[in-house]
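Me: I would like to request a close look at a single part of this model. Please give one connected explanation suitable for a first-year student.

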Amino acid sequence: MGVSIRTELVPGDLGEIVRLHGVLYEKEYGLDNTFEAYVAGPLSEFVILPMEGQRIWVVKDCGGVAGCIAIVRNSEGVAQLRWFILTPETRGKGLGKRLMKEAVNFSREFGYKRIILWTFSELETAIALYKRWGFLKTEEKAHHVWGRDLIEEKYELEL
């Protein structure tokens with residue numbers, strides 16, 4: 001079974017997405033379990049309170065969740081890109097570019113004027129992808145979060 005992408009969540013997806021964030025970010029960046037909770041809260045709201053203008057793309061590989069990306073409503077005319085993640089096994093195959101294309105196109109088609117996202121400075125590969133899509137860094141703040149001292153960065157793309 002190869003890699004597939006779908007826009008509908010099925011039972012088990014939410015837990016797998018949260019777990020994937022927790023496990024990968026601990027392994028790759030040393031974040032603690034509060035990061036997993038940070039993902040779980042808003043993702044649960046996304047599922048419980050669906051809204052027009054929001055979508056998630058779930059990457060499946062060998063039957064399990066291997067990544068995702070989502071667009072959620074941030075404010076009037078502003079979308080937020082969230083939960084962008086790919087397993088190490090699925091990276092480098094063009095999936096990140098494909099997911100970004102889907103997310104940006106969806107945002108344009110829905111009529112959003114801007115997309116924002118928050119990341120942290122160590123996510124260099126993701127940041128390079130955001131910049132290739134035209135995102136510009138508009139804010140940064142250093143603080144202690146998820147068990148570490150990090151520099152969070154905000155990026156914005158005018159549509």
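Which residue just after α3 takes a positive phi?

Reply: The residue is Gly111, which follows directly after α3 and has a phi of about 105°. The model is a predicted one, and the values below are computed from it.

The helix that precedes Gly111 merits a careful description. Helix α3 covers residues 95–110. Its 16 residues, at 1.5 Å a residue, should span 22 Å, and the C-alpha atoms at its ends are 22 Å apart, so expectation and model agree. Within α3, the buried residues are Leu95, Gly96, Leu99, Met100, Ala103, Val104, Phe106 and Ser107. When one looks down the axis of α3, these buried residues fall within an arc of 160°, and therefore they line one face of the helix. The face turned away from that buried side carries Lys97 and Glu109, which are exposed.

Leu95 illustrates the buried side of α3. Its relative accessible area is 8%, and it counts as buried because the limit for that term is under 20%. Leaving aside residues up to four places away in sequence, Leu95 touches Val3, Ile5, Val59, Leu86 and Thr90. The C-alpha atom of Leu95 is also separated by 9.2 Å from that of Gly67, although these two residues are 28 residues apart along the chain.

Helix α2 can be read by the steps used for α3. Helix α2 comprises residues 33–48. For its 16 residues, a rise of 1.5 Å a residue gives a span of 22 Å; the end C-alpha atoms are 23 Å apart, which agrees. Phe35, Val39, Leu43 and Phe46 are buried in α2. Down the axis of α2, the buried residues fall within an arc of 45°, so they line one face of the helix. Those buried residues pack against α1, β2, β3 and β4. On the other side of α2, Asn33, Glu45 and Ile48 are exposed.

The account may now turn to the surface. Leu49 lies in the loop between α2 and β2. Leu49 has a relative accessible area of 54%, and it is exposed because that term requires over 50%. Together with Val47 and Ile48, Leu49 forms a nonpolar patch on the surface, and the three residues have about 300 Å² of accessible area together.

To return to the part first requested, α3 has its buried residues along one face, exposed Lys97 and Glu109 on the face turned away, and Gly111 with its positive phi just after the helix.

Key: Residues are numbered from 1 along each chain as its sequence is written. This is a predicted model: local features need pLDDT of at least 70, side-chain atom pairs count only at pLDDT 80 or more; totals for chains, interfaces and linings use all residues. Side-chain values use heavy atoms; hydrogens and water are left out. Patches are made of residues with over 30% relative accessible area and no salt bridge: like charges are joined within 9 Å, nonpolar side chains (Val, Leu, Ile, Met, Phe, Trp, Tyr) within 5 Å. Accessible areas come from the Shrake-Rupley method with a 1.4 Å probe; for residues, only the protein chains shown count as cover. A salt bridge is a side-chain nitrogen of Lys or Arg within 4 Å of a carboxyl oxygen of Asp or Glu. Helices (H or I, at least four residues) and strands (E, at least two) are DSSP runs, numbered from the N terminus. Buried means under 20% relative accessible area, exposed over 50%, partly exposed in between (1.4 Å probe, protein chains only). The expected span of a helix is 1.5 Å times one less than its number of residues. The arc is that of the directions from the helix axis to the C-beta atoms. Contact means heavy atoms within 4.5 Å.
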